[in-house]
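Reader: I'd like to go over the internal voids in this one, then a bit of the surface. Can you put it up?

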Amino acid sequence: MKKFILFIMNKIFFIKLYIFFILLIVTPSIAEINISHAIAMHGEPKYKSDFEHVDYVNPNAYRGGKVIFSSIGSYDTFNPFTLKGTAASGIGNLFETLTTSSSDEAFTEYGLLAETIEWPDDRSWVAFNLRKDAKWHDGKRVTPEDVIWTFNTLMEKGHPFYKYYYGDVEEVIKEGDLKVRFNFKGNTNLELPLIVGQLPILPKHYWENINFEETTLKIPLGSGPYKINSFDAGRSITYEIDMNYWGFNIPIKKGTENFGLIKYEYYKDRGIEREAFKSGEIDFFSENTSKDWATSYDIPAVQKGLIIKESIGHENPQGMQAFAFNIRKEFFKNKKVREALSYAFDFEWTNTNLFYGAYKRTNSFFENSELASSGIPENKELDLLQNLGNNNDDFLPPKVYSMEFNPPKTDGSGFIRKELSKATSLLNEAGWELINGMLTNKESGKNFEFEILLVSPAFERIVMPFKDNLEKLGISVTVRTIDSSQYQQRLETFDFDMIVSSFRQSLSPGNEQRNFWGSDAADTNGSRNIIGIKNPVIDLLISKVISAKNREDLIITTRALDRVLLWNHYVIPQWHISSYRTLYWDIFDKPKVRPKYSLGTNTWWIDTTKASTIDKRKKSIQ
C-alpha cells in the first residue's frame, strides 16, 4: 500500500511539473498580446489611452454653418470603392474606418469604429473590438459581419487597389459579438495591422442586395458624420452633419467635422473655378498655379481682407510630380531614350519665366522627407544595394552605387544646345538617328512620334516649350487635352504615351508601393503602376520596405528604392513646393496649432459673426 501511495504521489508530482513547464511556455505567448487604443508603426503612439483630444483641434469649436467647396469635371456615382465611374467629391464623409490616423505623427492609427486593437508582437494577426455605440445612419449597430462582408467584397469586386494593399490578409473571422480578427499569411508585413484598420466599413444589410460593381446615384448608407442632403447629378452635391453621429466625443474625432453643411460645386475647368471663387460663389480655393498665385489676386477682396491669401507650410513628403513615361510603349522601353528626353525639359527657364521662381526641382520620389536619397549610398544602404543579387544593368543601373541622382540643369537662358547635344548622343546609342529632320529608328525605320496627354489646360503653357525642345531633336510630339472622365478612363487602361502625374507618398511607405511600382500591378487596369514597371530589383526592395523591422531599416530601404527608381529614368522630375497655397473668404476660424502633415480644414469652423456680415462686406467692394 505504501508503495502504491508513493507511486501515486510521484505521478502527481510529475503531472504538476509537466503543467508547470507548459505554463512557462504558454504564459509568455499570452503576455505578448497587445491590447490598446492605438497602434504605431514604429515606437509608441503620441497620445496615450487617456487623451482627450489631439493637439491641433479646438474641442469647443462651433458646429454648424455652411461652406462651399469646388471640384472639376463631373461625377456619376456614390460608390467610390470600384473602378467604374467617377465618385462624387466628399463622399468619403459618409464612411468610417476601423481606425484613423493623427496628423502630427508619422504613422499611428487610433481606434475609430474599433474601441481597442489587439495584436501579437510578431504582428501575424490583428483583431478589432468594435464600439457598442458605432451605428449606421439607420440606427443599426456596426457588426463583425459588416467588416467581414466589406473586406471580402472589396477584394472580390472593389478597385484593384485593395487586392494589392491587402494581399497578405489570409482570412477575416468573427471572434465575438463585437470582435473581428484578420489573420495574415506571414509576419513580415509589419504595417498590415495598421493598414487593415484603414479599411472603410460598409453595411452588409444595405449592400448585399445591390450590384456593388455598378455605378449608382442611390444615396448610400454610412456610419460617418455626414449624410447626403441633396444633389444635382454631376453638377453639385450637399452634405449635412448628422447630429446623431455616434463618434463626436471619441478623442481622435473631437474638434473635427465642424461644418453643418458642406456643398461641392462642379466646374468645367480651373479658370472658371477660380473666377467663381473670386466672385464669392465658393468659400475656399487651393491655388496650384504659381502664375495665378502671383498675379490673379491683386483684387479689392484680397486687399481689404475679405479674402485671406495664405501660404501654409507643412512637413509632408512631396512625392514626385513628373512627366511619366508609359514604358509599355516600344519607343520608351529603352532607358537611354528616357534619359535623353529628360535633357529637353528646361526647368530653370520654366521656373523663372512661368512660375515666378516659386518652385524647387524635385530629385526624389520621397521629396521633402528623411526618406529621400541623397549623395551616394554608404554603409548599410550600400550593403543592401550590393546584396540585391542582380547584375542586369537594365534593372539595377551601375550609377546607383557611384553617383548622386540629379536631373539635368540648365543656365535658365532658354538656349540648351549643350543639353540637346547630350540627348542626341544618348538617342544614337539607343538606335535612333536623324534622317531628313525626323528622328528615325535604325532597325524599324519608324519615326519617333508620341502624344502627351493632359487633363488641365493650365499645363499646356508648360508642356509647349518642352514640346519645342523635343522637336529640335527630331521627335514629333502631339499635346492633347481631354475632359476628366475621358482622362480617367484612359489612365486606368494605360491608354497613353506620356502624362503629367503625381506619385504622392507618406512618411511611412509600405504596401501601396506594390501598387505604384510592383510587377503584378503593371498589367492590372486601374492600378497606380501607370508607368508599367516590371523590375525584379524593385519588387525585392518593395518587399523589404514592407517588412522593415524599425524606422532605421525603413529609411535605409526606402532610400535604396528611391535610387533604383530614379536611375531607371521612369519619369522626368518636375517641381515641388512645401506649402499649401490657400485662399478663403473671411468666414472661418482655425485652431491655434496647425497639424504637421495635413491642411486640416476638417478642424476649421465657421465664425458666426464673420459669416453673418460677409454679404454686407462683399457689397462694400462692389
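Author: What follows covers the cavities and then a surface patch, and the model is a predicted one.

Reader: How many cavities of 30 Å³ or more does the structure hold?

Author: There are 2 of them. The largest has a volume of about 100 Å³. Its lining is made up of 13 residues, and those closest to its centre are Lys590, Arg594, Pro595, Leu599 and Trp604.

Reader: And how do the residues of that lining divide into nonpolar, polar and charged?

Author: For the largest cavity, 7 are nonpolar, 4 are polar and 2 are charged.

Reader: Now the second largest cavity. Which residues line it?

Author: The second largest cavity holds about 30 Å³ of space. Its lining consists of Phe365, Phe405, Leu565, Leu566, His569, Tyr570, Val571 and Pro573. Two elements each give two or more residues to this lining: α18 (551-567) and β22 (571-573).

Reader: How many of the residues in that lining are charged?

Author: None are charged in the second largest cavity; the lining has 7 nonpolar residues and 1 polar.

Reader: Switching to the surface. Which residues form a nonpolar patch there?

Author: Leu217, Ile219 and Phe231 do, and together they have about 220 Å² of accessible area.

Reader: Where is Phe231 found?

Author: Phe231 sits in strand β10, which spans residues 226-232.

Reader: Why does Phe231 count as partly exposed?

Author: Because its relative accessibility is 33%, and partly exposed covers what lies between the buried cut-off, under 20%, and the exposed one, over 50%.

Note on methods:
Residues are numbered from 1 along each chain as its sequence is written. This is a predicted model: local features need pLDDT of at least 70, side-chain atom pairs count only at pLDDT 80 or more; totals for chains, interfaces and linings use all residues. Side-chain values use heavy atoms; hydrogens and water are left out. Patches are made of residues with over 30% relative accessible area and no salt bridge: like charges are joined within 9 Å, nonpolar side chains (Val, Leu, Ile, Met, Phe, Trp, Tyr) within 5 Å. Accessible areas come from the Shrake-Rupley method with a 1.4 Å probe; for residues, only the protein chains shown count as cover. A salt bridge is a side-chain nitrogen of Lys or Arg within 4 Å of a carboxyl oxygen of Asp or Glu. Helices (H or I, at least four residues) and strands (E, at least two) are DSSP runs, numbered from the N terminus. Buried means under 20% relative accessible area, exposed over 50%, partly exposed in between (1.4 Å probe, protein chains only). On a 1 Å grid over the protein atoms alone, a cavity is a set of points where a 1.4 Å probe fits but cannot get out, and a pocket is an open set with protein on both sides within 12 Å along at least five of seven lines; lining residues have an atom within 4 Å of a point. Grid points are joined across faces, edges and corners, and a volume is the space filled by probe spheres set on the points. Ala, Val, Leu, Ile, Met, Phe, Trp, Tyr, Cys and Pro count as nonpolar, Asp, Glu, Lys and Arg as charged, and the others, Gly among them, as polar.
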